[in-house]
Every structure is written in C-alpha cells, then in structure tokens.
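Please look through the sequence and the structure shown here before reading on.

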Amino acid sequence: MPLCFFLLRNYRIFLLSGNFITGCVANQGFERLSSKLDKLENLDLSDNHFNNSILASLSELSSLKSLNLAYNVFTRSNPTNVLEI
C-alpha cells in the first residue's frame with residue numbers, strides 16, 4: 001500500500017470542497033482510496049466536478065455520518081437516492 005494511503009487510513013474528516021476535482025475513473029483516485037478510509041465520518045466533496053461515477057465508491061464508506069455533494073455535476077437532482085449510507 002502506498003504511504004499516502006496508509007497515512008489517510010485513520011482520517012475521520014476529509015474536506016475536499018472547491019478543488020475542481022473531475023469525475024471518477026474506475027479503480028483509480030477516490031474510488032481506490034475509499035476502500036482505505038474505514039474510519040471516515042465526515043466527507044465534504046462539494047463544489048467540485050464529480051458526476052454519478054463516484055457514487056459506487058461512496059457506498060463503500062460504511063462509517064460515514066455526514067456527506068456533502070452539493071454543487072457537483074450529477075445527472076439526477078438528488079444523487080443520494082442511489083446511496084445506501
């Protein structure tokens with residue numbers, strides 16, 4: 001496991017708002033990282049350019065208590081309808 005993933009393993013809060021992050025490539029980037037964040041409770045991905053492709057990786061975050069996806073590029077008006085968090 002890369003050192004950067006190991007260091008993130010104990011994070012409880014992850015704030016990535018307003019970074020212009022785009023989409024989600026299968027088995028790369030956030031999708032790959034989400035399986036390592038098993039203690040994450042608060043995730044803010046607002047004001048980026050994520051689309052529906054990130055939703056599958058978000059559903060793996062079982063410890064998540066707060067999720068902000070506002071101001072992204074989803075094709076549904078309420079993307080959390082497809083998540084089981």
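The paragraphs below deal with confidence, then with an aromatic pair, and then with one serine.

This is a predicted model, in which local features need pLDDT of at least 70 and side-chain atom pairs count only at pLDDT 80 or more, while totals for chains, interfaces and linings use all residues. Residues are numbered from 1 along each chain as its sequence is written, and side-chain values use heavy atoms, with hydrogens and water left out.

The chain has an average pLDDT (the predictor's confidence in each residue, from 0 to 100) of 75, and 65% of the residues score at least 70. Confidence is lowest in helix α1, residues 3-8, with a mean of 57, and highest in strand β3, residues 66-68, with 94; helices (H or I, at least four residues) and strands (E, at least two) are DSSP runs numbered from the N terminus. Where pLDDT is low, the predicted coordinates should not be read in detail.

A search of the whole structure finds one aromatic pair (rings of Phe, Tyr and Trp, the last by its six-membered ring, with centres within 6.5 Å; planes under 30 degrees apart are stacked, over 60 edge-to-face and the rest tilted). Its members are Y11 and F14, which meet edge-to-face at 5.8 Å centre to centre, with 70° between the planes. Y11 is partly exposed at 37% relative accessibility, whereas F14 is buried at 12%, where buried means under 20% relative accessible area, exposed over 50% and partly exposed in between (1.4 Å probe, protein chains only).

S46 lies in the loop between β2 (42-44) and α3 (55-58), and S46 is buried, with a relative accessible area of 7%. Leaving aside residues up to four places away in sequence, S46 touches (heavy atoms within 4.5 Å) L16, S17, G18, N68, L69, A70 and N72.
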